[in-house]
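Please open the model in your viewer and keep the selection tool at hand. The tour moves from one selection to the next and says what is there.

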Amino acid sequence: MSHESSASTRSDPGILARVSAGGRSAAGRLPAPLIFVASSLSQYLGAGLAVSLFSLMPSMTVAWGRLVVGAAVLVALRRPWRRAWTRRTLLVATAFGVATATMNVIFYAAISLLPLGTTVSLEFLGPVVVALVTGRGWRPRVAAILALLGVASISGLGVNLGDPDQRIGVLLALGAGVAWAAYILLGRRVASDGAGTDSLAVGMVAGALVYAPLVGTADTILASPTAAVTVLGVGVLSTAVPYGLEQVVLRRLGTDAFALLSSLMPAASLLVGVVVLRQLPNAWEMTGLVLVSVAVALTAGTSGRVPFPPNRARA
């Protein structure tokens, strides 16, 4: 780019606005389920790296390291200090970040006590409740039930409530579901304000700061170059990439449709197993995949944007 064109761009903020709008419209042309599948694949790759770290450090340390890396990447890319923040937008961004951090920390603690599939099934109760409460008409309600049954079929439910650790794991998984519901509701709010990714960057910083006192020492992250690089990969793949993609979806969909699309996560993992690992699904997994597919298809009739009430602070 010549000096003249660079100067022209700086002097005309409308050029930057048009470029940014063009990028958003390009993303907007992609089907929401496709974006969500890409987000899910990134999260599962990150989860695979995270599991390899559990033998080196506590789950809390892994979750916190993921938050720190995700926050650093998002802040570097977005530079949110350039935006004019109000007290309300900062508070919402902070609440969003704390809800996201809580969801991650509790989920990692749960999968250290329960099988991953069981944890996912229990945690998915959060999005199901969101879909039931915020959905309009019969479609989202029927889809929510089908999605829950599908996730349970894919993931499997096998909990021994006589085991104290598993009882704690169940409570943690349900708590992660509550945090997931808060993530959806608050994420839709920040996305509707037009500052979704900037709010995500600020929120991740807030979440990392809130949980920093509970980590104790994070020396294990830097104990070896391999551990540090692995934590870096977990943060990028499980936080920066998927949550950024989900902001694109949240701008376009109502909370009920977004919540139901969350059922694509275990379905995506099943398909990855078939294509990449040649792991053929059993009858229950195939049934679950069909149920999830029907649930997602039902959301097509209710997936339009659901605007929030006008922001009184700006009115």
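Begin by selecting D198, which is buried, with a relative accessible area of 5%; here buried means under 20% relative accessible area, exposed means over 50%, and partly exposed lies in between, computed with a 1.4 Å probe on protein chains only. The model is a predicted one, in which local features need pLDDT of at least 70 and side-chain atom pairs count only at pLDDT 80 or more, while totals for chains, interfaces and linings use all residues. Residues are numbered from 1 along each chain as its sequence is written, and side-chain values use heavy atoms, with hydrogens and water left out.

Keep D198 selected and add R83, since these two form a salt bridge in which the closest N and O atoms are 2.8 Å apart; a salt bridge is a side-chain nitrogen of Lys or Arg within 4 Å of a carboxyl oxygen of Asp or Glu. This pair links distant parts of the chain, with D198 in helix α10 and R83 in the loop between α4 and α5, 115 residues apart. Helices are DSSP runs of H or I with at least four residues, numbered from the N terminus. R83 itself is partly exposed, at 33% relative accessibility.

Now add R78, whose side chain also meets that of D198 in a salt bridge, at 2.8 Å from N to O. Here too the pair links distant parts of the chain, 120 residues apart, because R78 lies in helix α4 (residues 59-78) and D198 in helix α10 (residues 196-215). R78 is partly exposed, with 34% relative accessibility. With the three residues shown together, you can follow how R78, R83 and D198 are linked in a network of salt bridges, and the count by this rule comes to two.

Next, select M57, Y108, Y183, I184, V249, F258 and L261, the residues with the most contacts inside the largest nonpolar core, which has 66 residues. Such a core is a set of buried Ala, Val, Leu, Ile, Met, Phe, Trp, Tyr and Cys residues joined through side-chain atoms within 4.5 Å. Helix α5 gives the most to this core, with nine residues.

A second, separate core of five residues includes A110, L114, L122 and A173.

Finally, select T118, which lies in helix α6 (residues 116-123). Is T118 buried or exposed? At 3% relative accessibility, T118 counts as buried. Add V151 to finish: the C-alpha atoms of T118 and V151 are separated by 9.6 Å, and the two residues are 33 residues apart along the chain.

Note on methods
Helices (H or I, at least four residues) and strands (E, at least two) are DSSP runs, numbered from the N terminus.
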